[in-house]
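New to this one? Take a look at the chain below, then read on for a quick tour of its overall build, its pockets and a handful of residues.

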Amino acid sequence: RSLLVAVLALVFWILATLVAGFWLLPPLLLAGPVPARTETERAAIRARLASGGALWKQVRVLGGEGRPLEVWRLQRTGSRGVVIYLHGFGDDAWGTLGRAAELADWDAVGFSFRGRDRDPAAACTLGGWERQDVAAVVKDLQAEGVQRGRIILAGWSMGAAVALLALEDLERDGGPLGGALLECPFEDLQAATRDHLRGTLGPFEVLARPAEWLALGRAGRLARFDSAAVSPRRAARDLRTPLAVVTGAADRETPVAGVLALGVPDLTVVPGAGHCEAGNRLPGGWGGWARIRLQRWGDGHGKGPAIA
């Protein structure tokens, strides 16, 4: 009888794995939520950031798969350069652009990955296509005359991971950027899936590993990207762009072990901070932490080029 129970349990686990891997998990990976914001709310955010003669400019850029991106640039008088703010999973440009108030001597650029603020039906690929969105926006700034050394990427969670992927592509085609300010990036897509499911399943997550592998493969086929290539850890290995990372010691979504695996020397771990909480808990806040790095890189003391 015990053998029969074991066989039935095994059959149930195999069926559950197939159902989760092929039908349940892929939509959860590809259909990340998008905040519902009105035009009035978007305008209010822009108005709060525009002060001292700063002006907003909107351009249309074609990103990954040729999808249109609504790109907003806040142009400030006497700007030192441009910071591109990259949002996390489940967020959009307007949830991240508020950070621009902390770097008031830099232009700010924001957009929603894959244009999902206007077209939520577009698949969220956690970097598979989003890396090309970032590269396209960088190249558009260059076409306007902005030097690479004056372009900074600032990303949170998925946005931080995408920044590393985009830098790998950009450096393959040209020189490094001025720097990247990153908070809690994930190690790779497999680790991100595992860590998020662990938050739901706890110690039983290990039983879902086969379903995770199936789901990642199926998600890649559905959205036409290589899930195995979404590896910020591999992308960060030989980058020449100066990097700085901050993360929380209590982060369960992107645990410290995975962030350490990126191998970035300038890593700040904030005790007790959870996911995307570390920057706010630093002395001087995220802005103070960022300005120290920007000054260092601008003076030519980082591992990358000085900001020209």
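Of the 308 residues in this protein chain, 52% count as buried. Keep in mind that you're looking at a predicted model. The chain's secondary structure adds up to 11 helices and eight strands. Its radius of gyration is 20 Å, close to the 19 Å that the globule rule gives for 308 residues, so the chain is as compact as a globular protein of that length.

**Overall build**

- Taken along the principal axes, the C-alpha atoms fill a box of roughly 80 × 35 × 35 Å.
- Look at contacts between residues at least 6 apart in sequence, and you'll find that 73% of them join residues at least 24 apart.
- The accessible surface of the chain comes to about 13500 Å², and 59% of that belongs to carbon and sulfur atoms.

**The largest pocket**

- The largest pocket holds about 340 Å³ of space.
- It's lined by 16 residues, and the closest to its centre are L28, L29, F89, A192 and H196.
- Which elements give two or more residues to this lining? They are α1 (2–30) and α6 (189–201).
- Helix α6 gives the most to the lining of the largest pocket, with five residues.
- By type, the lining of the largest pocket splits into 10 nonpolar residues, five polar and one charged.

**The second largest pocket**

- Here the space comes to about 280 Å³.
- The second largest pocket has 13 lining residues, and those nearest its centre are A16, A20, L201, L207 and A208.
- Once again α1 and α6 turn up: they are the elements that give two or more residues to the lining of the second largest pocket.
- This time α1 gives the most, with six residues.
- The lining of the second largest pocket has 11 nonpolar residues, two polar and no charged ones.

**Around α6 and α7**

- T193 sits in helix α6. Is T193 buried or exposed? With a relative accessible area of 8%, under the 20% cut-off, T193 is buried.
- Not counting residues up to four places away in sequence, T193 touches L29, E212 and L216. L29 also appears among the residues closest to the centre of the largest pocket.
- S227 is found in the loop between α7 (209–223) and α8 (232–235). Its relative accessibility is 17%, so S227 counts as buried.
- What does S227 touch, if you leave out residues up to four places away in sequence? The partners are L189, L216 and G217. L216 is on the contact list of T193 too.

**Two residues with positive phi**

- Here's some background: most residues other than glycine have a negative phi.
- L126 has a phi near 50°, a positive value in a residue other than glycine. Its place is the loop between β4 (107–110) and α4 (130–143), and L126 is buried, with a relative accessible area of 11%.
- R224 has a positive phi as well, about 60°, although it is not a glycine. You'll find R224 in the loop between α7 and α8.
- Is R224 buried or exposed? At 53% relative accessibility, R224 counts as exposed.

**Around α2**

- L49 lies in helix α2, and it's buried, with a relative accessible area of 6%.
- Leaving aside neighbours within four places in sequence, L49 is in contact with W56, L74, R76, L97, G98, A100 and A101.
- L49 and V264 are 215 residues apart along the chain, and their C-alpha atoms are separated by 31 Å.
- G52 lies in the loop between α2 (39–49) and β1 (55–62). With 76% relative accessibility, G52 counts as exposed.
- How far apart are the C-alpha atoms of G52 and R281? They are separated by 28 Å, with the two positions 229 residues apart along the chain count.

Technical notes:
Residues are numbered from 1 along each chain as its sequence is written. This is a predicted model: local features need pLDDT of at least 70, side-chain atom pairs count only at pLDDT 80 or more; totals for chains, interfaces and linings use all residues. Side-chain values use heavy atoms; hydrogens and water are left out. On a 1 Å grid over the protein atoms alone, a cavity is a set of points where a 1.4 Å probe fits but cannot get out, and a pocket is an open set with protein on both sides within 12 Å along at least five of seven lines; lining residues have an atom within 4 Å of a point. Grid points are joined across faces, edges and corners, and a volume is the space filled by probe spheres set on the points. Helices (H or I, at least four residues) and strands (E, at least two) are DSSP runs, numbered from the N terminus. Ala, Val, Leu, Ile, Met, Phe, Trp, Tyr, Cys and Pro count as nonpolar, Asp, Glu, Lys and Arg as charged, and the others, Gly among them, as polar. Buried means under 20% relative accessible area, exposed over 50%, partly exposed in between (1.4 Å probe, protein chains only). Contact means heavy atoms within 4.5 Å. The radius of gyration is taken over C-alpha atoms; the globule rule is 2.2 Å times the number of residues to the power 0.38. Accessible areas come from the Shrake-Rupley method with a 1.4 Å probe; for residues, only the protein chains shown count as cover.
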